[in-house]
Amino acid sequence: EMTEEEMVKRVWKIKEKLGEDLFLPGHHYQKDEVVQFSDATGDSLQLSQIAEQNKEAKYIVFCGVHFMAETADILTTDDQVVILPDMRAGCSMADMADIHQTERAWEKLQEIYDDTILPMTYVNSTAAIKAFCGKNGGTTVTSSNAKKVVSWAFTQKERILFLPDQHLGRNTAYELGIPLEQMAIWDPQTDELVYEGDKEDIKVILWKGHCSVHENFTVKNIEYIRATKPDMNIIVHPECSREVVALADYNGSTNYIIETIKNAPSGTKWAIGTEMNLVKRIIATYPDKEIVSLNPYMCPCLTMNRIDLPHLLWALENIEQGNIVNEIRVDKDVATDAKRALDRMLTLS
Ligand code: 13P
Ligand code: SF4
């Protein structure tokens, strides 16, 4: 058994030895014990762009969750190997939509609305769903470009199907001026479209999925901060519910949250509604500001946390010994169609 100190030393050694052959991107939600080794950190959009731009690395050891590693594999060349240090690092939101449910939904929605819908998916989804969107003229979207991409979608079709996060979809459409009455929910459990009013008025069809981390930030949490700290700013991720986003002062991607707090004057107060590792890191980085988690119990993403120092070291030691473990390889046909969706998004952002 190695101590943590020994593991840290081993990782630095392997990094030094592999040099440019190895690239380690890390999502902002990763643990500090992993992020300390990251060659780049970012939100989902930035990590996609960084993966696409990297042409040197033979091995991309992705510190994030499965859908992010799939995206990296789709956007890199065939001879670049993408590795996820723990295959159990999934995303409960991405798991809320599978391709069979999506195809079933699409068939029914075509019966109701003919050819008036553009499908789009949050990058937090399987490669197969990205491919489905790519094949049907649609696109992917992230929280940092959602408004731009949804606006573009409405230049293509009268309606959108937004997978799999109802909250990002609803928050984005609402901020673009679409009233809640013009949004319907597709329930993949019952294969039903749920809406009020006239079906012809529906502009946005939201998939009934959500993030199990961000659902922990509630209206009650906001009311408590407003009552006890009236001069505190509240900033949340748009994976939070509409009610929470409406009551918050700011909302945006992980990168937006970091930049907003970084640029805020010393002495300002902030309550943050997003994943725990990032909140803790922001608190430690800006001791001149009073910063708390919007939910006082802190909210970890358990699957992000599966990427830890021992798993990272294990993946790297295998590379060192000429073994590839936990390779993420998206089927070629799926990758080609998914890339069409990703390219549309990357061109728009
Ligand atoms: P962003 O980093 O793009 O804001 O996404 C947050 C998230 O939940 C990733 O799973
Ligand atoms: Fe998925 Fe939510 Fe975790 Fe992001 S924070 S990876 S959306 S479960």
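**Helix α5 and the residue after it**

I started at the end of helix α5 in this predicted model, where the helix is followed by Asp-114, a residue with a positive phi near 50 degrees. I then looked up the helix itself: α5 covers residues 99-113, 15 residues in total, and reaches 20 Å from its first C-alpha to its last, close to the 21 Å expected at 1.5 Å a residue.

**Three cysteines from the record**

I next turned to the UniProt record, an unreviewed entry, which lists Cys-91, Cys-211 and Cys-301 under "binding site". These three span 211 residues in sequence, yet no two of their C-alpha atoms are more than 9.5 Å apart, so I note them as gathering at one spot.

I placed Cys-91 in the loop between β5 (81-83) and α5. I count Cys-91 as buried because 23 other C-beta atoms lie within 10 Å, where 20 or more is the cut-off. Setting aside residues up to four places away in sequence, I find that Cys-91 touches Val-65, His-66, Phe-67, Asn-124 and Thr-303.

Cys-211 sits in the loop between β11 (204-207) and α9 (219-228), and I record this residue too as buried, with 25 other C-beta atoms within 10 Å. Its contacts, leaving aside neighbours within four places in sequence, are Met-93, Asp-165 and Glu-239.

**The two ligands**

Which residues of the shell around ligand 2 are the closest? I find Cys-91, Met-93, Cys-211, Val-213 and Cys-301, out of 13 residues that surround this ligand. By class, I note seven nonpolar, four polar and two charged residues in the shell of ligand 2.

Around ligand 1 I list His-28, Asp-43, Ser-44, Leu-45, Cys-91, Asn-124, Thr-142, Ser-143, Ser-144, Glu-239, Ser-253 and Thr-254. The classes here are two nonpolar, eight polar and two charged residues. I note that Cys-91 appears in the shell of ligand 1 and among the residues closest to ligand 2.

**A second set of positions from the record**

The same kind of UniProt annotation, "binding site" from an unreviewed entry, also covers His-27, Ser-44, Tyr-122, Val-123, Asn-124, Ser-143, His-237, Pro-238, Glu-239 and Thr-254. From this set I looked up Pro-238 and Glu-239.

Pro-238 lies in the loop between β12 (233-236) and α10 (242-247), and I record this residue as buried, with 27 other C-beta atoms within 10 Å. Not counting residues up to four places away in sequence, Pro-238 touches Ser-143, His-167, Leu-168, Asn-171, Thr-172, Val-245, Asn-251 and Gly-252.

Glu-239 has its place in the loop between β12 and α10, and 28 other C-beta atoms within 10 Å make Glu-239 buried. Its contacts, with neighbours within four places in sequence left aside, are Asp-165, His-167, Leu-168, Cys-211 and His-214.

**Helix α8**

His-167 and Leu-168, which Glu-239 contacts, are among the buried residues of α8, and this led me to the helix. Eight of the 10 residues of α8 (residues 166-175) are buried, so I regard the helix as largely enclosed by the rest of the structure. The buried ones are Gln-166, His-167, Leu-168, Gly-169, Arg-170, Asn-171, Thr-172 and Ala-173. After α8 comes Gly-177, whose phi is positive, near 95 degrees.

**Domains**

I took the division of the chain as domain 1 (4-90 + 304-330), domain 2 (94-211) and domain 3 (214-293). The centres of domain 2 and domain 3, taken over C-alpha atoms, are separated by 27 Å. Where these two domains meet, I find 12 residues of domain 2 in contact with 14 residues of domain 3. The side of domain 2 that touches domain 3 has three nonpolar, seven polar and two charged residues.

**Two tyrosines**

Is Tyr-195 buried or partly exposed? I count Tyr-195 as partly exposed, with 17 C-beta neighbours inside 10 Å, and I find this residue in the loop between β10 (192-194) and β11. Its C-alpha atom is separated by 4.6 Å from that of Ala-184, 11 residues apart along the chain. Not counting residues up to four places away in sequence, Tyr-195 touches Ala-184 and Ile-202.

Tyr-224, in helix α9, also counts as partly exposed, with 15 C-beta neighbours inside 10 Å. I finally noted that Tyr-224 and Asn-295, 71 residues apart in sequence, are 9.8 Å apart in space, C-alpha to C-alpha.

Methods
Residues are numbered from 1 along each chain as its sequence is written. Chains are lettered from A and ligands numbered from 1 in the order in which they are written. This is a predicted model: local features need pLDDT of at least 70, side-chain atom pairs count only at pLDDT 80 or more; totals for chains, interfaces and linings use all residues. A residue is near a molecule or strand if its C-beta atom, placed from the backbone, lies within 6 Å of it. Ala, Val, Leu, Ile, Met, Phe, Trp, Tyr, Cys and Pro count as nonpolar, Asp, Glu, Lys and Arg as charged, and the others, Gly among them, as polar. Helices (H or I, at least four residues) and strands (E, at least two) are DSSP runs, numbered from the N terminus. The expected span of a helix is 1.5 Å times one less than its number of residues. UniProt positions are given in the numbering used here, feature names are shortened, and annotations may be inferred rather than shown by experiment. A residue is buried if 20 or more other C-beta atoms lie within 10 Å of its own, exposed if 12 or fewer, and partly exposed in between; C-beta atoms are placed from the backbone. Two residues are in contact if their C-beta atoms, placed from the backbone, lie within 7 Å. Domain bounds come from an automatic or database domain assignment.
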